[in-house]
Amino acid sequence: MTQKIKVFTIFIVASLCTLSVAAQDLLARQAPIDRKMKAVDSLALKRLIFTNNYESAVESLYDEWSNKYAHRETALPDSFRISLRNFCMPTTSRVLTSNFGARWGRQHKGLDIKVYIGDTIRSAFAGKVRIVRYEGRGYGKYIVIRHQNGLETIYGHLSKQLVSEDQEVEAGEVIGLGGNTGRSTGSHLHFETRLCGVAINPALMFDFRNQDVVDDYYMFHKDSYQREGLIANRIRGVNGTGFDATDDDGSDEMQLAETSSANTYARPSRLHKVRKGETLSSIARKRGTSVATLLKLNHMKSSAKIRPGQILKYN
């Protein structure tokens, strides 16, 4: 009897050990799954926060949604970060025919890009169509889209509109066809970018020649966007030759004309075009400034990376 009890006890202990090892194996196998699920949950949470931030940002800029007007200027924020990620160029054309700014005694509020009648026009970012209308003495057939990044984009002189008001669109979705309608002297796309109804130079964000945006985001500043728009025309506009920042004779310093009291500045902007292999430290040494100053002037984080062709302020 005693022998049977011993055998039974050994069997129970062995069984418990086996269960313990099996349980540990199960926990070990479950741990990576738990970590993956936690990572998935974190990503989902980040996406939700990102979306909510964008929605709240747009709500903070615009008080209403109306299909009655193309644009209505309201108070601009002192500064606003405009994300340029997940973009699509409105057209594959690289030919600019008219800059943003003064033209023929009036202000031209967008860029003109050469397209032909029937060419595909796409939404620059995801958003919601606010206006689809015809204006015979102005835009012709045009579309206005409000985007989650806070911008509104306008596409004018179309031959055909392929979306309807209040329709949600994705970046790159076809919205219309190029044309020559309205006040136009030849087929082209009139492309505007507006913040709170105020026109800002699309060349601050879009580089049509290179079919790209200028960065992952554009930091809008109310006190400097007009001046920056003039610089953008010099770099990316019609007949813009840019400049060679490698010359040490000061040829890279753009002297901005004092076109109005709003654009009068005591000190011209000095810009550096990044060359291959350069770093913020090497640029700071060359320009007699500090990395901290470069970061501040260009609204960059210390972890930011620079790329060849990028334009940096250094004064």
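In the predicted model, D216 is partly exposed, its relative accessible area being 40%. The side chain of this aspartate meets that of R85 in a salt bridge, with an N to O distance of 3.6 Å. The two residues belong to distant parts of the chain, since D216 sits in the loop between β16 (212-213) and β17 (217-221), whereas R85 sits in the loop between β1 (79-83) and β2 (96-98), and 131 residues separate them. R85 has a relative accessibility of 53% and therefore counts as exposed, the threshold for that class being over 50%. This salt bridge thus joins a partly exposed aspartate to an exposed arginine.

A second long-range pair is formed by K313 and E228, whose closest N and O atoms are 3.0 Å apart. Because K313 lies in strand β19 (residues 311-313) and E228 in helix α2 (residues 225-236), the salt bridge ties together parts of the chain that are 85 residues apart in sequence. Both partners fall in the buried class, which is defined by a relative accessible area under 20%: for K313 the value is 16%, and for E228 it is 9%. The pair therefore connects a buried lysine in a strand with a buried glutamate in a helix.

Salt bridges that share partners also join R130, R146 and E152 into one network. Within this network, R146 and E152 form a salt bridge in which the closest N and O atoms are 2.7 Å apart, and R146 and E152 are both buried. As a general point, side chains of opposite charge can pair when their charged atoms come close. Counted by the distance rule of a Lys or Arg side-chain nitrogen within 4 Å of an Asp or Glu carboxyl oxygen, the salt bridges come to eight, among them the D216 and R85 pair, the K313 and E228 pair and the R146 and E152 pair.

These pairs are set in a protein with four helices and 19 strands. Of the 315 residues in the protein, 40% are buried, K313 and E228 being among them. When contacts between residues at least 6 apart in sequence are considered, 67% join residues at least 24 apart. The accessible surface of the protein amounts to about 18,000 Å², and carbon and sulfur atoms account for 53% of that area.

Terms used: Residues are numbered from 1 along each chain as its sequence is written. This is a predicted model: local features need pLDDT of at least 70, side-chain atom pairs count only at pLDDT 80 or more; totals for chains, interfaces and linings use all residues. Side-chain values use heavy atoms; hydrogens and water are left out. Buried means under 20% relative accessible area, exposed over 50%, partly exposed in between (1.4 Å probe, protein chains only). Contact means heavy atoms within 4.5 Å. Accessible areas come from the Shrake-Rupley method with a 1.4 Å probe; for residues, only the protein chains shown count as cover.
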